[in-house]
Amino acid sequence: MNNKISRCRRLRERLSDFAAKYAGWEAKWVQDHVAQCPRCQKRFGAIGKVELGLSLLRTEPHGLDLLAKANTKAVGVLKHSLRNSVPAESLRIARVEPGRLEVLAKYGRSVLGTAACFAILILLKVGIFSAMDNIEQQGEKAIAQYYSEHTGQDIS
């Protein structure tokens, strides 16, 4: 019995691959037809708009009550006896609680900006102090050289 199921599955997969190759969107004759037929071009454009809309929905953040809204719609198509049950009511009020990372994610950009500002301030301070030390050393060398040239080595 199991062998027969796997054989049927393989046959279905082959038929699916065959259909996709010779009658799917990627088939040459389908693309040639769409390039020539204005009606199919409109339909194909509408499919593209739907796919674009769905991709935008996937990237858009959803409200926390989205699960409750979807459950309310799903419970609404059940029989009346099931609609009024306790599990159905718990589905209607179900809400997704965001995790700690999701709650803190909205502060992430400002925290990173603040950390970057502190890093820049620290680097500037270290750079200024090291530059000041360097300037001081060069100044002392210049003064020592001036005195040695004008007053002699023993006074400098």
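A surface patch, in this tour, is made of residues with over 30% relative accessible area and no salt bridge, joining like charges within 9 Å and nonpolar side chains (Val, Leu, Ile, Met, Phe, Trp, Tyr) within 5 Å. A salt bridge here is a side-chain nitrogen of Lys or Arg within 4 Å of a carboxyl oxygen of Asp or Glu. Accessible areas come from the Shrake-Rupley method with a 1.4 Å probe, and for residues only the protein chains shown count as cover.

Before you start clicking: this is a predicted model, in which local features need pLDDT of at least 70 and side-chain atom pairs count only at pLDDT 80 or more, while totals for chains, interfaces and linings use all residues. Residues are numbered from 1 along each chain as its sequence is written, and side-chain values use heavy atoms, leaving out hydrogens and water.

**Stop 1: the whole chain**

Show the cartoon first. You will find seven helices and zero strands; helices are DSSP runs of H or I with at least four residues, strands are runs of E with at least two, and both are numbered from the N terminus. Now switch on the surface: its accessible area is about 14200 Å², with 64% belonging to carbon and sulfur atoms. Of the 156 residues, 7% count as buried, meaning under 20% relative accessible area, with exposed being over 50% and partly exposed in between (1.4 Å probe, protein chains only).

**Stop 2: helix 4**

Next, select residues 66-76, which form helix 4 and include Asn71. Which residues of helix 4 are buried? Colour Ala68, Asn71 and Val75. They sit on the same side of helix 4, because they cover an arc of only 65° around the axis, taken from the directions from the helix axis to the C-beta atoms. Turn to the face pointing away from that buried side and you meet the exposed residues Lys69 and Lys73.

Go back and add helix 5 (80-83) and helix 6 (86-92), which are among what covers the buried residues. Zoom in on Asn71: its relative accessibility is 15%, so Asn71 counts as buried. Leaving aside residues up to four places away in sequence, Asn71 touches Leu91 and Ala94 (contact means heavy atoms within 4.5 Å).

**Stop 3: helix 7**

Select residues 100-150 for helix 7, where Ile128 lies. Ser110 is also in helix 7, and Ser110 counts as partly exposed because its relative accessibility is 45%. A polar atom of the Ser110 side chain lies 2.9 Å from the backbone oxygen of Tyr107.

Finish by selecting Phe118, Ile120, Leu121, Ile122, Leu124, Val126, Ile128, Phe129, Met132 and Ile135: together they make a nonpolar surface patch of about 1100 Å².

Conventions. Polar contact = N/O pair within 3.5 Å; in protein donor to acceptor, adjacent residues only side chain to side chain.
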